[in-house]
Amino acid sequence: MITIYRITGIERTGKGMKILVTGGAGFIGSSYIRYMLKKYPDYKIVNLDKLTYAGNLDNLSNAEGNINYRFVRGDIADTKLVDDIIKDVDVVINFAAETHVDRSISDPADFIMTDVYGTYVLLEASRRHGIGRFIQISTDEVYGDAGEEPSEEDAPLMPRSPYAASKAGADRLAFSFWATYKTPAIITRCSNNYGSNQYPEKMIPLFVTNALEDKSLPVYGDGKNTRDWIFVEDHCRAIDIILHSNGIEGEVFNIGSGIEKSILEIAEMILDILGKNNDLIEFVEDRPGHVIRHAVKTEKLRSVLGWQPSIDFQTGMERTIKWYKENEEWWRKIKSGEYLEYYKRMYGDRGRSESR
Ligand code: NAD
Ligand code: TYD
């Protein structure tokens, strides 16, 4: 079915725009900040990040010293701090979140505090100060299983993990602030990102760095579950277009590449690119509530705002793997201390998969 959309994307000019990016020390937020500082030398960016285990200022070492960039260490759930920052900015882009499904299964509390309550604190301050635009970085996880057809923006939200449910709460809170107070919120629901600087608890950097260390690649269940995979810079470009388009307040935009791959296909591809043996693949016990398929329709973003992905999967994966090969110091520093304890907890006595 082709949906005709009523909105038109009109280019906004944003000379000297002041942007609050939350969670900018994480994987996608840092990529977005690097992208924006390069593309818009007259924009000012404040990065508010709590620096949880996933926040890493090494991701932004080349932004240090840039007079248009300011880092504030703090919590998006801190009302006073958030109020002080938001009164001086034009736009809020909320990336900050607890983001790992597996961690949300063992310990959901932080997900509710940051992803739901933290988003509320940002929205409330944005409402009070009449913010120009609020972009809520939601996720395709809010749909739950896509089933036969990729999810459209008006599909029911059926989140299957505490992470996805917390993100669904934040997603709808942002919409409610638009519907109730006309806070100009826009919601994006992107598929699985991959690229440089991703914390190696997520599948692709975990598999790549494990393979580089000749350690096993833990594939959940039978490895047939699929995701839509998007190169992180294509995601950043979509957010850029959304930021600069008029008349889209209250709207939801799916973002995705249309490239669907299973866990097993990706594990094999990584081993192939690195010239390693498939024996490194280890089938382990499945994730509870594991979503079989995430896939999104992106026609709205493509037809209304003219976005399309630019990086094919082979190129994106080769670039990504090259980055981890060349930046061993970056991930070795992470793969110590807390990470090792996490890895032991998560994979240490995890049984082998029965469903293979
Ligand atoms: P990430 O885990 O790499 O980074 C999250 C960042 O948020 C970290 O820097 C962390 O320190 C910060 N943070 C966490 N709690 C905070 C708090 N209370 N206050 C301030 N900062 C806090 O995550 P990511 O993969 O870069 O994801 C960024 C956003 O994109 C998230 O909202 C996520 O839900 C969304 N998203 C991610 C993907 C993906 O594939 N990674 C896909 C779709 C949407
Ligand atoms: P992940 O990177 O955690 O992202 P999400 O759960 O948000 O999609 O996982 C991507 C896929 O890879 C998902 O189907 C679960 C699977 N997976 C594994 O098979 N092994 C692993 O060690 C991890 C972390 C994920």
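In this short talk I will go through two pockets, one helix and two loop residues of the structure above. Please keep in mind throughout that this is a predicted model.

Let me begin with the largest pocket, which holds about 400 Å³ of space. Its lining is made up of 17 residues, and those that lie nearest the centre of the pocket are D102, R103, S106, Y342 and M346. If you want to find this place on the chain, look at α3 (101-106), α4 (109-128) and α12 (338-347), since these are the elements that give two or more residues to the lining. As for what kinds of residue we meet there, the lining of the largest pocket divides into 10 charged, 6 nonpolar and 1 polar.

Now we can turn to the second largest pocket, for which the computed volume is about 330 Å³. Among the residues that line this second pocket are S31, R34, Y35 and K38, together with F231, V232 and E233, and also R319, T320 and W323. Here the elements that give two or more residues to the lining are α1 (27-39), α7 (232-243) and α10 (313-326). Which of the elements gives the largest share of this lining? That is α1, from which 4 residues come. In the lining of the second largest pocket the three classes of residue are represented by 4 nonpolar, 4 polar and 4 charged.

One of those helices, α7, deserves a slower look. It has 12 residues, and the distance from its first C-alpha to its last is 17 Å, which is close to the 16 Å expected at 1.5 Å a residue. Is α7 mostly covered or mostly uncovered? The helix is mostly covered, with 9 of its 12 residues buried. The buried residues in α7 include D234, H235, C236 and A238, and V232, which we have just met in the pocket lining, is buried as well.

Finally, let me point out two residues by their backbone angles. As background, most residues other than glycine have a negative phi. K182, however, has a positive phi of about 60 degrees although it is not a glycine, and you will find K182 in the loop between α5 (162-181) and β7 (185-190). Why does K182 count as exposed? Its relative accessibility is 52%, and the cut-off for exposed is over 50%, so K182 falls in that class. The other residue is D214, whose phi is also positive, near 60 degrees, in a residue other than glycine. D214 has its place in the loop between α6 (203-212) and β9 (217-220).

Notes:
Residues are numbered from 1 along each chain as its sequence is written. Chains are lettered from A and ligands numbered from 1 in the order in which they are written. This is a predicted model: local features need pLDDT of at least 70, side-chain atom pairs count only at pLDDT 80 or more; totals for chains, interfaces and linings use all residues. Side-chain values use heavy atoms; hydrogens and water are left out. On a 1 Å grid over the protein atoms alone, a cavity is a set of points where a 1.4 Å probe fits but cannot get out, and a pocket is an open set with protein on both sides within 12 Å along at least five of seven lines; lining residues have an atom within 4 Å of a point. Grid points are joined across faces, edges and corners, and a volume is the space filled by probe spheres set on the points. Ala, Val, Leu, Ile, Met, Phe, Trp, Tyr, Cys and Pro count as nonpolar, Asp, Glu, Lys and Arg as charged, and the others, Gly among them, as polar. The expected span of a helix is 1.5 Å times one less than its number of residues. Buried means under 20% relative accessible area, exposed over 50%, partly exposed in between (1.4 Å probe, protein chains only).
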